Amino acid sequence: MEIKKKQQAFEVALRELTGANPKLAEALKKDHIDLDTLTDIEVIELFWATELFPIYADRSPHTRRAYKKDLEFILSFVMSETEGLKRLTVLDIHRYLFYVNKQYAPRTAQRKNNMLKRLLSYLHINNYHLHNLAFHVKNQKRPEPLRREVDFEEIERIAESFRHTVKRAQKKELMELRNETIGYLLLTTGMRASELLTVKFSDVKRNQHTFYLEVKGKRDKWRRIPLTEKASHLINRLQTLMMIEEEDSQFIAFSTKKTGDAMTYEALRLMTHKAVEFVAVENSNPPHWFRRAYITKLLSNGSPLIGVMQLVGHESINTTNGYLQSLNQLSHMENMDLPFE
């Protein structure tokens with residue numbers, strides 16, 4: 001009985017995997033994945049389902065979004081600039097590399113190149129291509145541009161201006177408080193935008209010393225982020241006002257369009273740009289700029305690299321070390337002071 005239940009569960013998962021497309025399911029019934037009967041779009045769908053996101057994998061929404069963009073770019077190039085996946089040539093690969101190098105920054109170009117490598121290797125292993133064209137995918141050699149120098153006074157003014165981005169009259173006080181809380185958390189926690197959008201009120205904890213957030217970052221790694229007194233006060237006020245206004249959501253960055261959901265990244269990005277416009281800054285900056293400012297401020301205060309790496313959830317200390325290039329002198333301190341407090 002138990003085996004039958006497991007078999008039924010697998011069949012359901014398989015239908016989800018192949019999108020109930022019989023051609024995709026049929027392609028999996030040999031000792032290799034038979035791609036010859038599939039269209040280019042179906043090949044990409046099967047690559048997504050069996051290589052990038054198989055039914056036993058658990059990846060974050062951030063990863064899904066990035067992979068989706070990379071595959072869409074590859075598919076668009078293949079359909080507009082080549083004779084199709086089956087007839088890809090070495091010249092096509094070099095043309096792709098030329099376009100990517102021209103359009104994207106080095107790190108983004110490298111990510112898109114790596115996705116193409118994975119796809120080409122997948123096609124070769126499954127006998128779709130006689131030769132492995134992934135061998136010809138080389139990363140560009142342009143040096144990474146220097147990071148824009150952070151103006152800490154400017155970034156604080158932008159964070160304070162989040163509350164002024166509200167134009168609607170309905171529940172205006174609540175919206176202003178929500179935006180102010182979001183801006184202040186971006187400024188004082190160093191969270192990624194994707195992390196902030198998933199933070200719930202229940203993630204705010206307290207020990208005998210201070211309030212802190214428990215945040216799930218990349219690769220489902222949890223970390224604790226200390227909160228300033230003002231941050232905990234804003235969160236508490238927001239939760240109270242939500243109860244008064246009968247706004248039901250577990251998310252701090254709650255959506256006003258979909259009850260119970262968090263706002264989208266696009267909504268957060270637009271909010272950031274409106275705050276930038278409010279303080280008459282010429283350059284528009286993404287939410288990630290707050291994270292950069294937070295990390296740079298910690299390092300300029302003399303906080304140790306390893307401590308900053310763990311606090312902000314970097315996977316490699318080399319990433320954290322990259323933030324030092326705009327700093328000329330560092331003083332060494334035993335305690336890690338929170339910036340902007």
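1. The second largest pocket of this predicted model has a volume of about 520 Å³. Its lining is made up of 20 residues. Arg178, Thr256, Lys257, Met263 and Ala267 are the lining residues that lie nearest the centre of the pocket. Two elements, α8 (172-189) and α11 (265-278), each give two or more residues to this lining. Of the elements, α11 gives the most, with four residues. By class, the lining of the second largest pocket holds eight nonpolar, five polar and seven charged residues.

2. The model also has a closed space to consider. The count comes to one cavity of 30 Å³ or more, and about 30 Å³ of space lies in the largest cavity. Its lining consists of Phe77, Val78, Leu88, Ile93, Tyr96 and Leu116. The elements that give two or more residues to the lining of this cavity are α4 (61-81) and α5 (90-103). The class division is six nonpolar, no polar and no charged residues. For the second largest pocket, by contrast, the lining includes seven charged residues.

3. The strands come next. An open sheet is formed by three strands in the order β1-β2-β3, and the pairing is antiparallel. β1 and β3 are the edge strands, because each of them pairs on one side only. On average, neighbouring strands of this sheet are turned by 35° against each other, with direction ignored.

4. Strand β1 covers residues 204-206 and strand β2 covers residues 211-216; they pair in the antiparallel sense over three bridges. Within this pairing, Val204 stands opposite Leu213 in β2, and Arg206 stands opposite Phe211 in β2. The two strands form a hairpin, with four residues between them.

5. On the other side of the sheet order, β2 pairs with strand β3 (residues 222-226), in the antiparallel sense and over five bridges. Leu213 stands opposite Ile225 in β3; Leu213 is also the residue that faces Val204 across the β1-β2 pairing. β2 and β3 form a hairpin with five residues between them. In the turn of that hairpin, Arg219 has a positive phi of about 55°.

6. Which residues of β3 belong to the covered face, and which to the uncovered one? Arg223 and Ile225 make up the covered face of β3. Trp222, Arg224 and Pro226 make up the uncovered face. Ile225, on the covered face, is the partner of Leu213 noted above.

7. Why do the buried residues of helix α7 lie on the same side? The helix runs over residues 152-160, and Glu154, Ile155, Ile158 and Ala159 are buried in it. They cover an arc of only 135° around the axis, and therefore they are on the same side of α7. The spacing fits a general rule: an α-helix has 3.6 residues a turn, so residues three or four places apart point the same way. The face turned away from the buried side of α7 carries Glu153 and Glu160, which are exposed. One glutamate, Glu154, is on the other hand among the buried residues of α7.

Terms used
Residues are numbered from 1 along each chain as its sequence is written. This is a predicted model: local features need pLDDT of at least 70, side-chain atom pairs count only at pLDDT 80 or more; totals for chains, interfaces and linings use all residues. Side-chain values use heavy atoms; hydrogens and water are left out. Buried means under 20% relative accessible area, exposed over 50%, partly exposed in between (1.4 Å probe, protein chains only). The arc is that of the directions from the helix axis to the C-beta atoms. On a 1 Å grid over the protein atoms alone, a cavity is a set of points where a 1.4 Å probe fits but cannot get out, and a pocket is an open set with protein on both sides within 12 Å along at least five of seven lines; lining residues have an atom within 4 Å of a point. Grid points are joined across faces, edges and corners, and a volume is the space filled by probe spheres set on the points. Ala, Val, Leu, Ile, Met, Phe, Trp, Tyr, Cys and Pro count as nonpolar, Asp, Glu, Lys and Arg as charged, and the others, Gly among them, as polar. Two strands pair if DSSP finds at least two bridges between them. Axes are lines fitted to C-alpha atoms, for helices over the stretch in contact, and angles run from 0 to 180 degrees between N-to-C directions.
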